[in-house]
Amino acid sequence: MQTILSKIESSPIIPVYYHDDIDQCIQILKSCYSGGIRVFEFVNRGPEALNNFKQLLKYRDQNFKDLKLGIGTIKTKQQALDFLDIGAEFIVSPIVKPEIAEVTLKHDILWIPGCMTPTEIALAEELGAPLVKLFPGDALGSSFLKGIKPLFPSLKFMPTGGVSLEEQNLTEWFQAGVSAVGMGSKLFNDPTEFEESNYIENRLRKAFHHIESIK
């Protein structure tokens with residue numbers, strides 16, 4: 001678990017992605033890796049999620065052995081077990097659920113629950129989550145994190161949902177004290193351009209460079 005946390009903090013942008021087409025998924029994974037991504041969250045948001053995740057793990061094992069690959073949008077104990085059984089290295093949830101915490105702790109797997117209130121954050125902490133997903137990030141904002149972070153000095157935070165690669169947005173979040181940011185549509189907002197111009201790679205490299213300058 002500590003290895004994943006260290007990897008997240010050293011590579012603090014986590015792509016959040018799903019597509020039915022495995023070839024598209026692999027292309028996105030390759031682009032993200034080329035841009036510096038070392039932690040990738042595939043999400044359980046479609047009928048091909050389990051099968052595509054299996055294939056992504058196989059591709060990762062053959063090509064990107066230092067990439068940590070986890071599964072998101074896990075809402076039940078059974079979903080967690082299904083993906084852990086095939087090799088998920090971390091679990092991300094949009095909610096706080098004790099049964100998921102129990103499963104992940106038993107397997108010594110990092111669980112990142114989604115929280116929107118101080119009460120949910122406190123519950124996640126009690127259940128053993130070292131890193132909390134602030135969701136939706138754009139609705140909460142960096143000022144929310146500044147307000148609640150002193151209440152939870154031992155927790156790490158990662159906003160997801162509406163976080164962008166714009167320098168001002170990244171500056172606000174990292175200066176507020178996040179350990180990482182999760183990024184979906186704001187990273188993949190032009191799914192065709194990157195094929196011709198290294199669109200994703202270039203944006204990620206620039207963002208990582210900016211984050212380093214903030215730190």
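**Entry 1, helix H9 and its end.** I began at Gly177, which follows helix H9 and has a positive phi, near 115 degrees. I keep in mind throughout that this is a predicted model. Going back into the helix, I asked which residues of H9, spanning 167-176, are buried. I listed Asn169, Leu170, Thr171, Trp173, Phe174 and Ala176. For the pattern in such a list I noted that an α-helix has 3.6 residues a turn, so residues three or four places apart point the same way. I then looked up what these buried residues pack against, and found the strands S6 (131-134), S7 (156-159) and S8 (181-183), together with the helices H7 (137-140), H8 (142-148) and H11 (199-214).

**Entry 2, strand S4 and its partner.** I turned next to strand S4, residues 90-93, where Phe90 and Val92 point one way while Ile91 and Ser93 point the other way. In a regular strand the side chains alternate between the two faces of the sheet. I checked burial for these four residues as well, and all are buried. In which sense does S4 pair with strand S5? I found the parallel sense, over 4 bridges, with S5 covering residues 110-115. Within S5, I noted that Trp111 stands opposite Ile91.

**Entry 3, Pro15.** I looked up Pro15, which lies in strand S1, residues 13-17. Its relative accessibility is 0%, and because buried means under 20%, I entered Pro15 as buried. Leaving aside residues up to four places away in sequence, I recorded that Pro15 touches Cys32, Ile37, Val39, Phe40 and Glu41, and also Met183, Leu187 and Phe188. For Met183 I took the C-alpha separation from Pro15, which is 4.9 Å although the two are 168 residues apart along the chain.

**Entry 4, the whole chain.** I closed with the totals, starting from a count of 11 helices and 8 strands in the protein. The radius of gyration is 16 Å, close to the 17 Å that the globule rule gives for 215 residues, so I wrote the protein down as being as compact as a globular protein of that length. Along the principal axes, I found that the C-alpha atoms fill a box of roughly 45 × 40 × 25 Å. I noted that buried residues make up 53% of the 215, and that, among contacts with a separation of 6 or more, 59% join residues 24 or more positions apart. For the accessible surface I entered about 9600 Å², with 47% belonging to carbon and sulfur atoms. Finally, I compared the mean positions of the 22 positive and the 27 negative charges, which are 4 Å apart.

Note on methods. Residues are numbered from 1 along each chain as its sequence is written. This is a predicted model: local features need pLDDT of at least 70, side-chain atom pairs count only at pLDDT 80 or more; totals for chains, interfaces and linings use all residues. Side-chain values use heavy atoms; hydrogens and water are left out. The radius of gyration is taken over C-alpha atoms; the globule rule is 2.2 Å times the number of residues to the power 0.38. Buried means under 20% relative accessible area, exposed over 50%, partly exposed in between (1.4 Å probe, protein chains only). Contact means heavy atoms within 4.5 Å. Accessible areas come from the Shrake-Rupley method with a 1.4 Å probe; for residues, only the protein chains shown count as cover. Lys and Arg count as positive and Asp and Glu as negative; His and the chain ends are not counted. The place of a charge is taken as NZ of Lys, CZ of Arg, CG of Asp or CD of Glu. Two strands pair if DSSP finds at least two bridges between them.
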